[in-house]
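Got the viewer open and a hand free for selecting things? Here is a walk through this structure, one stop at a time.

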Amino acid sequence: MALLSLLHYPDPRLHKIAAPVKQVDDSIRKLIDDMAETMYAAPGIGLAATQVNVHQRIIIVDTSENNDRLQVFINPEILSSAGEAEREEGCLSVPGIYDRILRPDAITVRALDREGNSFTLDAQGLLATCIQHEMDHLVGKVFVEYLSQLKQNRIKTKMRKRSRTAG
Ligand code: K1U
Ligand code: ZN
């Protein structure tokens, strides 16, 4: 397994649209293993392939207490959503920035697993929030884009300053 480099906001590559995975093969499974190592090392509770500069529709999520329930979604689609909940979100591509975002509280998602089998999952609470956050990455949307223009500008300035001082 290998640790992958994360793209950091406002990198324009975070706005690319990911393509559907045509075939779930060993190269996709190797990418998923590397994404999982990268997510757990960060640490984070989710990761989209977009964030490691791979523009294919793959996300992983683990919201368990002990980091022992990795969930893989290839070509995920939201079939339905219900309710509303505002939760604090963070993003490994926007380190140190957290804010409350309003989203549907419950979703039904269909995807392929790491063997290429289709499954449907009903998710709610933090898991639903996390899946939606990761699916946004696949269409080039970063959670800060739900915030006011003023907040987005402040975050961009902060991130650009930070990347200059980090070399
Ligand atoms: O960058 C990402 O997409 C991952 C992101 C996922 C997420 C977090 C919170 C709400 C929605 C989506 C993160 O994992 S940020 C880090 C984080 O939240 C966390 C890290 C360690 C333990 C618990 C949470
Ligand atoms: Zn994110």
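Start at the metal. Select the zinc ion (ligand 2) along with C91, H133 and H137: these are its protein donors, reaching it through SG of C91, NE2 of H133 and NE2 of H137 at 2.1 to 2.3 Å. Keep in mind as you look that this is a predicted model. If you now glance at the sequence, the donor residues follow the spacing C-x41-H-x3-H. Where do C91 and H133 lie? C91 is in the loop between β4 and β5 (99-103), whereas H133 belongs to helix α2, so this pair ties together parts that are 42 residues apart in sequence.

Next, show the largest pocket. It holds about 420 Å³ of space. Of the 23 residues lining it, select G44, I45, G90, C91 and L92, which lie nearest the centre. You have met C91 already, as a donor to the zinc ion. Two elements, β4 (85-89) and α2, give two or more residues each to this lining. Which element gives the most? That is α2, with six residues. Colour the lining by class and you should find twelve nonpolar, eight polar and three charged residues.

Now hide the side chains and switch to a cartoon view for the sheet. Five strands make up an open sheet in the order β1-β2-β3-β6-β7, and the pairing is antiparallel. At the edges you will see β1 (46-48) and β7 (118-124); each has a single partner strand, so one side of each is left without a neighbour in the sheet. Turn the view a little: on average, neighbouring strands here are turned by 35° against each other, direction ignored.

Zoom in on the strand pairs. Select β3 (residues 71-82) with β6 (residues 106-112), an antiparallel pair held over six bridges. Two partnerships to pick out: S81 has I107 of β6 as its bridge partner, and I74 has L112, also in β6. Then move to β2 and β3, which pair in the antiparallel sense over four bridges. Here, click on I59 and look opposite it for F73 in β3.

Bring the helices back. Helix α1 (residues 26-41) lies across β1, β2 (58-61) and β3, and runs at about 40° to β2. Helix α2 (residues 125-138) lies across β1, β2, β3, β6 and β7, running at about 155° to β2. While α2 is selected, recall that H133 sits in this helix.

Last, a few backbone oddities. Most residues other than glycine have a negative phi, and most peptide bonds are trans. With that in mind, which bonds are worth a click? Try the one from Y9 to P10, which is cis with omega near 5°; P10 lies in the segment before α1. Then go to A42 and P43, joined by another cis peptide bond with omega about -5°. You will find P43 in the loop between α1 and β1. What is phi of N53 near? The value is near 65°, positive in a residue other than glycine, and N53 is in the loop between β1 and β2.

To finish, go back to the zinc ion with C91, H133 and H137 shown as its donors, and add the pocket lining, to which α2 gives six residues.

Key. Residues are numbered from 1 along each chain as its sequence is written. Chains are lettered from A and ligands numbered from 1 in the order in which they are written. This is a predicted model: local features need pLDDT of at least 70, side-chain atom pairs count only at pLDDT 80 or more; totals for chains, interfaces and linings use all residues. Side-chain values use heavy atoms; hydrogens and water are left out. Two strands pair if DSSP finds at least two bridges between them. Axes are lines fitted to C-alpha atoms, for helices over the stretch in contact, and angles run from 0 to 180 degrees between N-to-C directions. Contact means heavy atoms within 4.5 Å. On a 1 Å grid over the protein atoms alone, a cavity is a set of points where a 1.4 Å probe fits but cannot get out, and a pocket is an open set with protein on both sides within 12 Å along at least five of seven lines; lining residues have an atom within 4 Å of a point. Grid points are joined across faces, edges and corners, and a volume is the space filled by probe spheres set on the points. Ala, Val, Leu, Ile, Met, Phe, Trp, Tyr, Cys and Pro count as nonpolar, Asp, Glu, Lys and Arg as charged, and the others, Gly among them, as polar. Donors are N, O and S atoms within 2.8 Å of the metal (3.2 Å for Na, K and Ca); water is not among the atoms, so sites may look incomplete.
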